[in-house]
Amino acid sequence: MNPRPRLVLLGKQGAGKGTQAVRLASHYDIAHLSTGDMFRAQAALGTAFGLEAKRYMDSGDLVPDEIVFGVIEECLAPGGPLSDGFVLDGFPRTRAQAEELERVLDGRPIDIVIHLEVPREIVVDRLSQRRVCVKNSAHIYSVSNPPKVAWQCDQCDGEVIQREDDTPEAINKRLDIYERDTRPIREFYGSSGRPLVTVDGLGDTDEVFERCRAAIDAVL
Ligand code: AMP
């Protein structure tokens, strides 16, 4: 068994990729790379790279590949911080990114691609209700499940806010981009012979985690 798997999580925004990626990273003792978190952290620091990415993120557009590829190359290259097992959350998002990932991994293929399936109407509802901690976006709340103290994170003292791209316009735009650019990646993986498993993303997070874990253990 490969103790440090290389995993990709695919799925619509709001399908629960971030939540499951955190659990999987801890379970398999692997690094978690969320490109969205990385861009938001850089934007909060005010770096030129982060502010450039923010322009696209706030309007619900994808950040251009030239920006994304630089980050990925640095993280995933042999000997880099993610060279010993990882779960990718939010990357790849286009076929060109999936091809770039294969190139960067250079003979160290992905072990399994998990597609978390959740219907569009459910993710629209989840995203409109979603509230996140500004200090750690893995600390996720919702309008119906708020923190105990008025919009202050229960797990750290971060402020809990609505993401700028969780407005109705940006949500719909992001989901349209998902259908156009990200969904076809499944065919790419299907035809490249990588194990691609669709996991039902409905239910509580423990149930979804068990489904993901069982799918991963079955291929390792
Ligand atoms: P997420 O937190 O994964 O929903 O990502 C938030 C935003 O970051 C996305 O709507 C994009 O603007 C940008 N982003 C994250 N990952 C990528 C990627 N792989 N390619 C292009 N843009 C990305």
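**Exercise 1. Break down the ligand shell of this predicted model by residue class, then find the element that contributes the largest share.**

Step 1: Start with the classes. The shell around the ligand holds six nonpolar, four polar and six charged residues.

Step 2: Check the total and pick out the closest members. The ligand is surrounded by 16 residues, and the closest are Thr35, Arg40, Asp61, Gly90 and Gln97.

Step 3: Turn to secondary structure. Helix α2, spanning residues 35-45, supplies four residues, the largest share of the shell.

**Exercise 2. Track down polar contacts between the ligand and the side chains of arginine 93, glutamine 97 and arginine 163, then work out how much of the ligand is covered.**

Step 1: Grab the cut-off: a polar contact needs a pair of N or O atoms within 3.5 Å.

Step 2: Go through the ligand nitrogens. One pairing, with an N or O atom in the side chain of arginine 93, comes out at 3.0 Å. For the side chain of glutamine 97, a ligand nitrogen sits 2.9 Å from an N or O atom.

Step 3: Now try oxygen. An oxygen atom of the ligand is 3.1 Å away from a polar side-chain atom of arginine 163.

Step 4: Finish with the area. On its own the ligand has 480 Å² of accessible area, and the protein covers 96% of that.

**Exercise 3. Is lysine 12 buried or exposed, and what does its side chain reach?**

Step 1: Place the residue. Lysine 12 sits in the loop that links β1 (6-11) and α1 (17-28).

Step 2: Apply the threshold. Buried means under 20% relative accessible area; lysine 12 has 6%, so this residue is buried.

Step 3: Look for a partner. A polar atom of the lysine 12 side chain lies 2.7 Å from the backbone oxygen of valine 118.

**Exercise 4. Do the same job for glutamate 159: locate the residue and classify its accessibility.**

Step 1: Glutamate 159 belongs to the loop between β6 (140-142) and β7 (160-161).

Step 2: The relative accessibility is 48%, so glutamate 159 goes down as partly exposed.

Step 3: For a bit of context, valine 132 is 27 residues away along the chain, yet the two C-alpha atoms are 8.2 Å apart.

**Exercise 5. How many aromatic pairs does the whole structure have, and what is the geometry of phenylalanine 188 with tyrosine 189?**

Step 1: Searching the whole structure turns up two aromatic pairs.

Step 2: For phenylalanine 188 and tyrosine 189, the centres are 5.3 Å apart and the planes make an angle of 70°. Planes over 60 degrees apart count as edge-to-face, so this pair is edge-to-face.

Step 3: Check burial too: phenylalanine 188 and tyrosine 189 are both buried.

How values were computed. Residues numbered from 1 in each chain as written. Predicted model: local features only at pLDDT ≥ 70, side-chain atom pairs only at ≥ 80, totals over all residues. Heavy atoms only, no water. Phe/Tyr/Trp six-rings, centres within 6.5 Å; stacked < 30°, edge-to-face > 60°. Buried < 20%, exposed > 50% of the residue type's maximum accessible area, 1.4 Å probe, protein only. Near = heavy atom within 4 Å. Polar contact = N/O pair within 3.5 Å; in protein donor to acceptor, adjacent residues only side chain to side chain. Areas by Shrake-Rupley, 256 points an atom, 1.4 Å probe, with all protein chains shown as cover. Helix = DSSP H or I, 4+ residues; strand = E, 2+ residues; numbered from the N terminus. Nonpolar A, V, L, I, M, F, W, Y, C, P; charged D, E, K, R; others polar.
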